Amino acid sequence: MIYVFSGTGNSLHAARVIAARTNDVVTSIAAERDRTGKFPSFRPNADEALGFVFPIHAWGMPRFVADFIRDLTIEGDISYIYAVSTCGAEEGDTPAAVEKLLRQKGRSLDGAFSVAMPDNYVIGMDTKEPERRDRMLSEAEPRIARIAESIAKREKGVRMPLRGKGAPFKSGFIHPLFSRFMIRTAPFRVTDACIQCGLCAEICPVHTIKLDPLPVWGKACTQCLACINRCPVEAIEYGKGTPGRRRYVHPDLR
């Protein structure tokens, strides 16, 4: 089983490639939350691996993912558990955070991998220009293939990190501050270009967006940025910085 969380498609693409090469199944963490509620559970079939694939938010796991792993009941024996993160450049010490959550369940992290893909953080910076974006996507493919090969072989203890400098500080100090103070919905707004298609509400993993008749944001948010990046008419903005900035969506979702 591969549990995936993805706002604009990078992690979903990686999960699908890994699933195809390991004969596994991809399940959306958001959909699993909707189906099972507060306490999801997983019981493996014979020799079934358990994987988590997710993006990096400010050198750490999205809290939506951390909460899911924390709440997940893993039943029975399982031979292999792994995590794959997609990031713009660095994952920090995220594997250590995943390992800590698993140890609380008496489990261990057997493989930890990271792959660089284009960033979608349009509320903080412009996304990559098309040439650089396409080059990053092309360069990611052989790395994802190597990750899938290691997972298929159940190679324990393998690490393919993109840790970066100052990882303990970035993951241990900056990431918690980001999660606590920088994830806000108040700056979201829609322009007159909105066509009320409802896509933003449909794809929001925490169901914070309602149509009334235009999109309105509640307080809950995991800052996946699916809404602002995937709006078909680019009618969603965040504060004063996003107008004119390129949106990013993985080609699989276009």
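Contact here means heavy atoms within 4.5 Å. Keep that in mind for the exercises below, and remember that this is a predicted model.

**Exercise 1. Which residues of H2 and H3 meet, and how do the two helices cross?**

Start with the residues. On the H2 side we have Ile29, Ala30, Glu32 and Arg33, and they meet Phe64, Val65, Asp67, Phe68 and Asp71 of H3. Sort this contact by character and you get five nonpolar, no polar and four charged residues.

Now the geometry. The H2 and H3 axes come within 11 Å and cross at roughly 50 degrees. Angles from 65 to 115 degrees would be roughly perpendicular and those under 35 roughly parallel, so H2 and H3 end up oblique to each other. As for the hand, the H2–H3 crossing is left-handed.

**Exercise 2. Which residues of H3 are buried, and what do they pack against?**

First pick out the buried ones: Phe64, Val65, Ala66, Phe68, Ile69 and Asp71. Then look at what surrounds them. These buried H3 residues pack against E1, helix H2 (29–36), strand E4 (50–55), strand E5 (73–74) and helix H4 (94–103).

**Exercise 3. How many aromatic pairs are there, and why is the pair of Tyr3 and Phe68 edge-to-face?**

Rings pair if their centres lie within 6.5 Å, and by this rule the count comes to nine aromatic pairs. For Tyr3 and Phe68, the ring centres are 5.0 Å apart and the planes stand at 65 degrees. Planes over 60 degrees apart count as edge-to-face, so that's the label this pair gets.

Next, place the two residues. Tyr3 sits in strand E1 (residues 2–4) and Phe68 in helix H3 (residues 63–71), so the pair ties together parts that are 65 residues apart in sequence. Check burial too: Tyr3 is buried at a relative accessible area of 1%, and Phe68 is buried at 0%. Zooming out a little, Tyr3 and Phe68 belong to one aromatic cluster with Phe42 and Phe52.

**Exercise 4. Is the pair of Phe188 and Trp217 stacked or edge-to-face, and are its residues buried or exposed?**

Go to the numbers: 5.0 Å centre to centre, with 5 degrees between the planes. Stacked needs planes under 30 degrees apart, so Phe188 and Trp217 are stacked.

Phe188 belongs to strand E9 (residues 188–190) and Trp217 to strand E11 (residues 215–217), so this pair links parts that are 29 residues apart in sequence. Buried means under 20%; Phe188 at 7% makes the cut, and so does Trp217 at 13%.

**Exercise 5. How do H1 and H5 cross, and which residues make the contact?**

The axes of helix H1 (residues 10–22) and helix H5 (residues 130–152) come within 9 Å and cross at roughly 45 degrees, so H1 is oblique to H5. This crossing is right-handed.

Now list the contact. H1 brings Asn10, His13, Ala14, Val17, Ile18, Arg21 and Thr22, while H5 brings Leu137, Glu141, Ile144, Ala145, Ile147, Ala148, Ile151 and Ala152. By character, that's ten nonpolar, three polar and two charged residues.

**Exercise 6. Where does Ile195 lie, and what does it touch?**

Ile195 is in the loop between E9 and helix H7 (199–203). The cut-off for exposed is over 50%, so Ile195, at 52% relative accessibility, counts as exposed. Leaving out residues up to four places away in sequence, Ile195 touches Pro232 and Val233. For Met1, 194 residues away along the chain, the C-alpha separation from Ile195 is 37 Å.

Key:
Residues numbered from 1 in each chain as written. Predicted model: local features only at pLDDT ≥ 70, side-chain atom pairs only at ≥ 80, totals over all residues. Heavy atoms only, no water. Phe/Tyr/Trp six-rings, centres within 6.5 Å; stacked < 30°, edge-to-face > 60°. Helix = DSSP H or I, 4+ residues; strand = E, 2+ residues; numbered from the N terminus. Buried < 20%, exposed > 50% of the residue type's maximum accessible area, 1.4 Å probe, protein only. Axes fitted to C-alpha atoms, helices over the stretch in contact; angles between N-to-C directions. Parallel < 35°, antiparallel > 145°, perpendicular 65-115°, else oblique. Left-handed = near helix turned anticlockwise from the far one by under 90°. Nonpolar A, V, L, I, M, F, W, Y, C, P; charged D, E, K, R; others polar.
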